[in-house]
Amino acid sequence: MKLILLRHGESQWNLENRFTGWKDVGLTDSGKQEAKSAGKKIIESKIVVDSVYTSLLKRATHTSNIVAKYINFNLEHIQYDWRLNERHYGALQGLNKSETAEKYGEEQVLIWRRSFDIPPPSLKNDDPRHPRFNSKFDNIKDDLPSGESLKDVIKRLKPFWSEYQNRIMNRFQNNLIVAHSNSLRAIIKIVENLNDEEIISVNLPTGIPLVYELDANLTVINKKFLEDSKTLKSLEKKIINQGKIK
């Protein structure tokens, strides 16, 4: 079976170099084109998708809808799960990354962004950016996050993954998850059995499907991006520059 992980297309706050987190930001025109391109690459690879899961955040749901239409997947069958939401960036949410680095120092901001278990400063409960003020999350019974490390995202995602793997195991179908940089990194850590240090250097570009071929035990047989090597090299440089914050 195949598991396809797709980070949503470029969002407006990706473009503006802001910490996005749970803020419901839409796609840019470029992001919409990335979603269309992802759908095209799935079709060209002759992969028939049997299930689509996504987060509650509209940059992911919009990407899912665009891809689903392109690959002729019924939009009514898309499954939504809040546990696939992006990492909550706490008090950093909405701030420009470069300006934040100037204020707190690049080293400190890199620790907040890239360490495995050190979260950013938390939002206060009365902060209007807190997810408890967003009606979209009213039905979530768990405690809503006010700031998360990658370790926290993995903990949040594990109940979803436990149910999900039981659902797809032994069915030998092809499954697509459209989500976010950190929720997908959490899945990658689990699927590839990476340690806490190895996952830190893993980055995902927007809008390019990552395809895992799995056996009946969900062990990775092979993985590849649905993109040509020249484009991937160019994206690697872009990702490295993004890691420098500036």
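**Exercise 1. In which sense do strand S1 and strand S4 pair, and over how many bridges?**

The model is predicted; local features need pLDDT of at least 70, side-chain atom pairs count only at pLDDT 80 or more, and totals for chains, interfaces and linings use all residues. Residues are numbered from 1 along each chain as its sequence is written, and side-chain values use heavy atoms, with hydrogens and water left out.

Step 1. Locate the strands, which are DSSP runs (E, at least two residues; helices are H or I, at least four), numbered from the N terminus. S1 covers residues 2–7 and S4 covers residues 174–179.

Step 2. Apply the pairing rule: DSSP must find at least two bridges between two strands. S1 and S4 are joined by six bridges in the parallel sense.

Step 3. Inspect one position: Arg7 lies opposite Ala179 in S4.

**Exercise 2. Determine the strand order of the sheet and its edges.**

Step 1. Six strands make up an open sheet with mixed pairing, ordered S3-S2-S4-S1-S5-S6.

Step 2. Strand S3 (79–80) and strand S6 (220–225) are the edge strands, each pairing on one side only.

Step 3. Place the sheet in the chain, which holds eight helices and six strands. From the N terminus, the elements follow β-α-α-β-α-β-α-α-α-β-α-β-β-α.

**Exercise 3. Assess whether the dimensions of the chain agree with a compact globule.**

Step 1. The rule is 2.2 Å times the number of residues to the power 0.38, with the radius of gyration taken over C-alpha atoms.

Step 2. For 246 residues a compact globule would have a radius near 18 Å; the chain has 17 Å, which therefore agrees.

Step 3. Along the principal axes, the C-alpha atoms fill a box of roughly 50 × 45 × 35 Å.
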